[in-house]
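Let's walk through how two chains meet, one question at a time. Have the model open beside you as you read.

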Amino acid sequence: MKIIVSIKQVPARDSQLKIAASGKWIEESDLAYEINEPDAYALEAGLQLKEKHGGEVIALCAGPARAASTIREALAKGADRAIHVDENMGALDPLDAAKLLAAAVRGESADLILTGLQSDDLGYGQTGVILAELLGLPHGTIIMEVEVREGGIRVKRELEDGWFQHVEMPLPALLTIQSGISKLRYATLMGIKKAKSKEIRRVTSSELKLEPSPATAVLERVHLPERTKRTQLFEGSPKEAAAQLVEKLKFEARVI
Amino acid sequence: MSAVLAVLEQRGGAWNRMSFETLAAAQQIAREMGGTAGAAVLGKGVDALTGELAAKHLEKVYAVEHDLLENYTPDAYSAALRQLVEQAKPTVVLFPHTYQVRDFMPKLATSLGKVAVSDAIAHRVDGGALMLVRQLFQGKVNADMRFTGDGPHFASLQAGAYRADQVAEGSAAVEKFAPALSAGDIRTRPLELFRESERAVDLGAAEIIVSVGRGIKEADNIPLVEKLAKALGAELAASRPICDAGWLPMERQVGSSGQTVAPKMYLAVGISGAIQHLVGMKGSRVVVAINKDPNAPIFEVADYGIVGDLFQVVPELIAEIEKRKSS
């Protein structure tokens, strides 16, 4: 089974973000980056499927030079090779992002493409579904389990309010994987060593010869959210803060 | 004239609770754009639902019916809506940001060469153009998105961003729309829906909820928040990562994939407040947050807060509550 896992590199979860002078994106220079957590679960799902059914896992990542560290991590965890679409993604919309990814993988003829259910930076939750549409593949989103069967796969989809559903579809297909469905593996020392000799195919958007598509939804400005509520913060030692909080909850909010 | 179409969600003849929020948004945006609002419902046999919509202030209600729309598939929904949009020519098409909409809206928009603005939280009409606000970086940053060029423009709206009780009553003409669908074009086969366990805990009825998130670090620390919940006579709840890790059962999860709660007090311990969590609890009367990160989005919705190490603050809080009880 040939599996492509699309992963993204995003600012680390606890980053303190500043708005860039342009007002159109964040200040990227001082940030630490890591793999988009939902994509880490997609990679894990891909590696487990390979262990069970054999084949190959290819990590696909679009991002600037710094994305190499996330690609190395995927290779160290067990991906066999990688495709790096060397492009500064920034606030690129999900249609343009998916067009880059589609162009980069079209020649691979993978059986399955996996990705996380959304990115922790832009959070559109659309790239996977758009990629499926551009490649003409059936898809499933927010997938908890993948079972390979005669003629295709059977997946377990999560719905809202504690409901689930099984869906069958033929291969090739694209799935977005729900976060938290399994324990993530760590890269082993051996894995890290092996990763150094694994193939990374670099492509750029000019090599992919993409027609620029007219933007239909333009990001005009990014800004820090205005506080809708004024939070009363209690300071001092933990003991003092706790005492003040309980006082307020009892006599002001009257909830205890 | 611009027309705003709300595509409402139903399953087995019952509305998704977010549908009427989208309807209210469509009416409001249409009014501000100087246009009309309409609604569409997809399924097989949706008369009872469209009958209900006939008493709302809408230009038109579309009953999009076909045998192949009885059970949701992205292929059938996307094809049916594409045909409806091509005929009705709305300027803006709005959806509730549900798991189902996430499954087909990007496909529909892509098939028409458009980018959908997903999970919007607010709007503004500016010189006749619609601007939507959406959250980036798990709610730490907002972005203003402006639609450009001709419609249809697609957007989904976050749960709770608009109020269902603001739907304007009136009357609407119901029109049947029969899309041309063929079973051979539907590539996925949906099977029965199921639940894994009966829900034993109804967090919706709790007056006080103590909820715990990633900040608790490991399963061995859960008793600390259990003790706090006990001191307050509260139900214990959690954000998704805690339930995924198996530290608390899934039935105690609050958020878009768990329960929606609105207690008298919601005390969030070590919860950063990702959007998916906030939509499940922001209706709480009083929100208290204890978190080490002063910029955590949970403080956007908190009335009271302590910025600090929960492992130091929570024991003091328990002691203080116990002291007040005995005095």
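Q: In this predicted model, is the crossing in which α4(A) passes α4(B) left-handed or right-handed?
A: Happy to start here, with helix α4 of chain A spanning residues 127-135 and helix α4 of chain B spanning residues 99-111. Where α4(A) passes α4(B), the crossing is right-handed.

Q: Why do α4(A) and α4(B) count as oblique to each other?
A: Their axes come within 8 Å and cross at roughly 45°. Roughly parallel would need an angle under 35 degrees, and roughly perpendicular one of 65 to 115. The two helices, α4(A) and α4(B), are therefore oblique.

Q: Which residues of α4(B) meet α4(A), and how many residues of that contact are charged?
A: From α4(A) come Val129(A), Ile130(A), Glu133(A) and Leu134(A), and they meet Asp103(B), Pro106(B), Lys107(B), Thr110(B) and Ser111(B) of α4(B). By class, this contact has four nonpolar and two polar residues, and its charged residues number three.

Q: Which element gives the largest share of the side of chain A that touches chain B?
A: Looking at the whole of the contact, 68 residues of chain A are in contact with 71 of chain B. Elements of chain A that each supply at least two residues to that side include α3 (94-105), β7 (139-149) and α7 (238-251). The largest share is nine residues, and it comes from α7(A).

Q: What is the bridge partner of Val167(A) in β12(B)?
A: Strand β9(A) pairs with β12(B), residues 189-195, in the antiparallel sense over five bridges. Within β12(B), the partner of Val167(A) is Pro190(B).

Methods:
Residues are numbered from 1 along each chain as its sequence is written. Chains are lettered from A and ligands numbered from 1 in the order in which they are written. This is a predicted model: local features need pLDDT of at least 70, side-chain atom pairs count only at pLDDT 80 or more; totals for chains, interfaces and linings use all residues. Axes are lines fitted to C-alpha atoms, for helices over the stretch in contact, and angles run from 0 to 180 degrees between N-to-C directions. Helices (H or I, at least four residues) and strands (E, at least two) are DSSP runs, numbered from the N terminus. Angles under 35 degrees count as roughly parallel, over 145 as roughly antiparallel, 65 to 115 as roughly perpendicular and the rest as oblique. A crossing is left-handed if the near helix is turned anticlockwise from the far one by less than a right angle, and right-handed if clockwise. Two residues are in contact if their C-beta atoms, placed from the backbone, lie within 7 Å. Ala, Val, Leu, Ile, Met, Phe, Trp, Tyr, Cys and Pro count as nonpolar, Asp, Glu, Lys and Arg as charged, and the others, Gly among them, as polar. Two strands pair if DSSP finds at least two bridges between them.
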